[in-house]
Amino acid sequence: MAFGSFDSGSSSPMVEINTTPLVDVMLVLLIIFLVTAPLMTQAVKVDLPQASAQAADTKPETIRLAIDAQGVLYWNETPFTDTSIQGLESRLQAAVSADAQLEVQLSADRDTRYQRVAEIMAAAKRAGVTKLGFVTQPGEAQ
């Protein structure tokens with residue numbers, strides 16, 4: 001092992017690194033890996049039960065709500081005739097009672113007032129809609 005000298009005239013730095021702690025750590029890690037590697041390859045035998053059910057491929061119903069710049073609401077591309085929020089809420093409640101996994105996709109024109117969007121979101125929440133998504137178009141790269 002090299003140590004710096006006690007000479008006041010020698011200003012050369014110590015050029016050797018003490019590698020003993022590094023070797024100790026590496027040996028400990030090697031022992032840990034040698035002990036744990038065989039444990040990872042062993043499998044536990046389990047006799048699993050057999051089931052004859054088919055996978056459920058039912059997709060939840062999706063309702064597309066769109067709002068144009070004038071605030072007119074469209075239900076699956078059809079103009080929504082009842083302009084009140086209560087009418088929308090009751091129709092959403094009927095749809096949720098028919099399908100509990102109902103998904104609502106909301107898209108709004110960029111000029112739509114946020115108040116109208118917030119009212120529709122609140123009506124969907126009160127109606128029991130748990131999946132509400134926002135549909136947007138990707139913008140141009142800056």
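The following is a conversation about how the terms used for this predicted model are justified.

Colleague: What makes up the secondary structure of the protein chain, and which pattern does the chain follow along the sequence?

Modeller: The secondary structure of the protein chain comes to three helices and five strands, and reading along the sequence gives the pattern α-β-β-β-α-β-α-β. Of the 142 residues, 19% count as buried.

Colleague: Why is the contact between Arg64 and Glu77 called a salt bridge?

Modeller: The term asks for a side-chain nitrogen of Lys or Arg within 4 Å of a carboxyl oxygen of Asp or Glu. In the pair Arg64 and Glu77 the closest N and O atoms are 2.8 Å apart, so the pair meets that cut-off and is called a salt bridge. The pair links distant parts of the chain, with Arg64 in strand S1 (residues 62-67) and Glu77 in the loop between S2 and S3, 13 residues apart.

Colleague: How do you know whether Arg64 and Glu77 are buried or exposed?

Modeller: Buried means under 20% relative accessible area and exposed means over 50%, with partly exposed in between. Arg64 has a relative accessible area of 37% and is therefore partly exposed, whereas Glu77, with 55%, is exposed.

Colleague: What makes the backbone of Glu77 worth a remark, and which residue in the loop between strand S2 (73-75) and strand S3 (78-79) has a positive phi of about 50°?

Modeller: Most residues other than glycine have a negative phi. Glu77 has a positive phi of about 65° although it is not a glycine. Asn76, which lies in the loop between strand S2 (73-75) and strand S3 (78-79), is not a glycine and has a positive phi of about 50°. With 26% relative accessibility, Asn76 falls between the 20% and 50% limits and so counts as partly exposed.

Colleague: The structure holds two salt bridges; how do you know that Glu89 and Arg126 form a salt bridge?

Modeller: The closest N and O atoms of Glu89 and Arg126 are 3.0 Å apart, and because the cut-off is 4 Å, the pair qualifies as a salt bridge. The pair links distant parts of the chain, since Glu89 is in helix H2 and Arg126 in helix H3 (residues 114-127), 37 residues apart. Glu89 is buried, because its relative accessible area of 16% is under 20%, while Arg126, with 48%, is partly exposed.

Colleague: Why is Leu29 counted in a nonpolar surface patch?

Modeller: A residue of such a patch needs over 30% relative accessible area, and nonpolar side chains are joined within 5 Å. Leu29 has a relative accessible area of 38%, so the area requirement is met, and with that value Leu29 is partly exposed. Leu29 is found in helix H1 (residues 20-41). The patch, of about 670 Å², is made by Leu22, Val25, Met26, Val28, Leu29, Ile32 and Phe33.

Colleague: What makes up the lining of the largest pocket, and how are its residues divided?

Modeller: The largest pocket has a volume of about 350 Å³. Of the 11 residues that line the largest pocket, the closest to its centre are Ala108, Arg110, Val135, Thr136 and Gln137. The lining divides into five nonpolar, four polar and two charged residues, and strand S4 (residues 103-108) gives the most to this lining, with three residues.

Key: Residues are numbered from 1 along each chain as its sequence is written. This is a predicted model: local features need pLDDT of at least 70, side-chain atom pairs count only at pLDDT 80 or more; totals for chains, interfaces and linings use all residues. Side-chain values use heavy atoms; hydrogens and water are left out. Helices (H or I, at least four residues) and strands (E, at least two) are DSSP runs, numbered from the N terminus. Buried means under 20% relative accessible area, exposed over 50%, partly exposed in between (1.4 Å probe, protein chains only). Patches are made of residues with over 30% relative accessible area and no salt bridge: like charges are joined within 9 Å, nonpolar side chains (Val, Leu, Ile, Met, Phe, Trp, Tyr) within 5 Å. Accessible areas come from the Shrake-Rupley method with a 1.4 Å probe; for residues, only the protein chains shown count as cover. On a 1 Å grid over the protein atoms alone, a cavity is a set of points where a 1.4 Å probe fits but cannot get out, and a pocket is an open set with protein on both sides within 12 Å along at least five of seven lines; lining residues have an atom within 4 Å of a point. Grid points are joined across faces, edges and corners, and a volume is the space filled by probe spheres set on the points. Ala, Val, Leu, Ile, Met, Phe, Trp, Tyr, Cys and Pro count as nonpolar, Asp, Glu, Lys and Arg as charged, and the others, Gly among them, as polar.
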